[in-house]
Amino acid sequence: MTVMEQRGAYRPTPPPAWQPRTDPAPLLPDAEPYRVLGTEAAAQADPELLRRLYAQLVRGRRYNVQATALTKQGRLAVYPSSTGQEACEVAAALVLQERDWLFPSYRDTLAVVARGVDPVEALTLLRGDWHTGYDPHEHRVAPLCTPLATQLPHAVGLAHAARLKGDDVVALALVGDGGTSEGDFHEALNFAAVWQAPVVFLVQNNGFAISVPLAKQTAAPSLAHKAVGYGMPGRLVDGNDAAAVHEVLADAVRRAREGGGPTLVEAVTYRIDAHTNADDATRYRADAEVETWREHDPIELLEREMNARGLLDEDTRRTVREAAEEMAADLRARMNQDAVLDPMDLFSHVYAEPTPQLREQQALLRAELEAEQEGAH
Ligand SMILES: Cc1ncc(C[n+]2csc(CCOP(=O)(O)OP(=O)(O)O)c2C)c(N)n1
Ligand SMILES: [Mg+2]
């Protein structure tokens, strides 16, 4: 049923954001990114959560390495690695309830897999085989979005619709620092704040939009400050501190669920690998900068904390490593099988009713394929 058909039920009450705001102070982000690991706050972190985060971080890094290797073997067309950003990916997946929705960008395969999507299906699009590759409804994960920031208005629309229907659903949308310069970012945040939609925006500020550094992307004091202009809180967090990202996102998700409206979270992190396997990052950034960030590695930060609290013995470490290796071996084996594809699928799902041009192209391709078949006999 469309919204128009259920017009009787479509009676949104004016949301609280329609009250004029006078004090921007509560919306402002902290001056420094929030940290948990290595601080006094770490003592409060739940050991079980730290163990889950750790297992997923290790698995995620192994996934990035394996997927990158598959591009070199010609098994994967392109892979935007999130090595260095695993804490954001994993925290975003673990913070949601089953009924919530995740809206990823092309760099967020790890979040998608950590939410339960099959590791091979999550690569279908990047392999160039088929549309999304997985059923978005199965795990409530929207398609990996290649056009920058378009996933944000989708997330707001879904969250707003869920709220109108009375469904207890929060949408979490991921976007990069470069994506914050898109019109879709503005439209999504403005709409979400005015309507107090239950949505959380997580900006992974990894320092670059391909070769464009953050300093050329924005003149704002931080990306989190952008929240204030829309009338929602902005939070700044260390994006390599899995416990901190999880805590900040958990607060934002809770707030959204309780009707408090959207939050913009900026996670300060770094893209250790090149933009994709097709990019040469040495052309626009110095190795020394990469090395500095390697010393602030999300897995090592968590390991250090867990060691200090006696939460990581050699057995646990081995079990986690072995599980990651098993996942990688399975990914390798299945990605090495040739996909069986029907070239005519190119025309499926383009429009509900194919246009005359599409029909014409479809007929042309069919004729060519038939001629090829005949030639083969
Ligand atoms: C609308 C749109 N414009 C341009 C591009 C080309 N493009 C692909 S990735 C990228 C950089 C995005 O950087 P950022 O948002 O920081 O994300 P990151 O790749 O760092 O995760 C650009 C410009 C695109 N995919 N979509
Ligand atoms: Mg970026």
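Set aside the neighbours within four places in sequence, and Leu126 is in contact with Leu76, Ala77, Val78 and Tyr79. Contact here means that the C-beta atoms of two residues, placed from the backbone, lie within 7 Å. Leu126 sits in helix α4, residues 124-127. Helices are DSSP runs of H or I with at least four residues, strands are runs of E with at least two, and both are numbered from the N terminus. Why does Leu126 count as buried? Because 21 C-beta neighbours fall inside 10 Å; the cut-offs are 20 or more other C-beta atoms within 10 Å for buried, 12 or fewer for exposed, and in between for partly exposed, with C-beta atoms placed from the backbone. Leu126 and Phe185 are 59 residues apart in sequence, and their C-alpha atoms are 24 Å apart in space.

A quick word on what you're looking at. This is a predicted model, in which local features need pLDDT of at least 70 and side-chain atom pairs count only at pLDDT 80 or more, while totals for chains, interfaces and linings use all residues. Residues are numbered from 1 along each chain as its sequence is written, and chains are lettered from A and ligands numbered from 1 in the order in which they are written.

Now the overall picture. The protein has 14 helices and seven strands. Its C-alpha trace spans about 75 × 60 × 40 Å along the principal axes. For 377 residues, a compact globule would have a radius of gyration near 21 Å, and the protein's 22 Å agrees with that; the radius is taken over C-alpha atoms, and the rule is 2.2 Å times the number of residues to the power 0.38. Of the 377 residues, 41% count as buried. Among contacts between residues at least 6 apart in sequence, 77% join residues at least 24 apart.

The domain assignment gives domain 1 (24-339) and domain 2 (342-377), with bounds that come from an automatic or database assignment. Their C-alpha centres lie 38 Å apart. UniProt, in an unreviewed entry, lists residues 68-330 as "domain: Dehydrogenase E1 component"; such annotations may be inferred rather than shown by experiment, feature names are shortened, and positions follow the numbering used here. That span is 44% helix and 12% strand, and its end C-alpha atoms lie 15 Å apart.

How far apart are the C-alpha atoms of Arg317 and Leu341? They are separated by 40 Å, with the two positions 24 residues apart along the chain. Arg317 belongs to helix α13, residues 314-335, and counts as partly exposed, with 15 C-beta neighbours inside 10 Å.

Two non-glycine residues have a positive phi, as tabulated here.

| Residue | Phi | Loop between |
|---|---|---|
| Gln196 | near 50° | α7 (183-194) and β3 (199-205) |
| Ile210 | about 50° | β4 (208-209) and β5 (212-213) |

Gln196 is buried, with 23 other C-beta atoms within 10 Å, whereas Ile210 is partly exposed, with 13 C-beta neighbours inside 10 Å.

Finally, the ligand. How many residues surround ligand 1? There are 14, and the closest are Leu148, Gly176, Gly178, Gly179 and Ala209; a residue is near the molecule if its C-beta atom, placed from the backbone, lies within 6 Å of it. By class, the shell has five nonpolar, six polar and three charged residues. Ala, Val, Leu, Ile, Met, Phe, Trp, Tyr, Cys and Pro count as nonpolar, Asp, Glu, Lys and Arg as charged, and the others, Gly among them, as polar.
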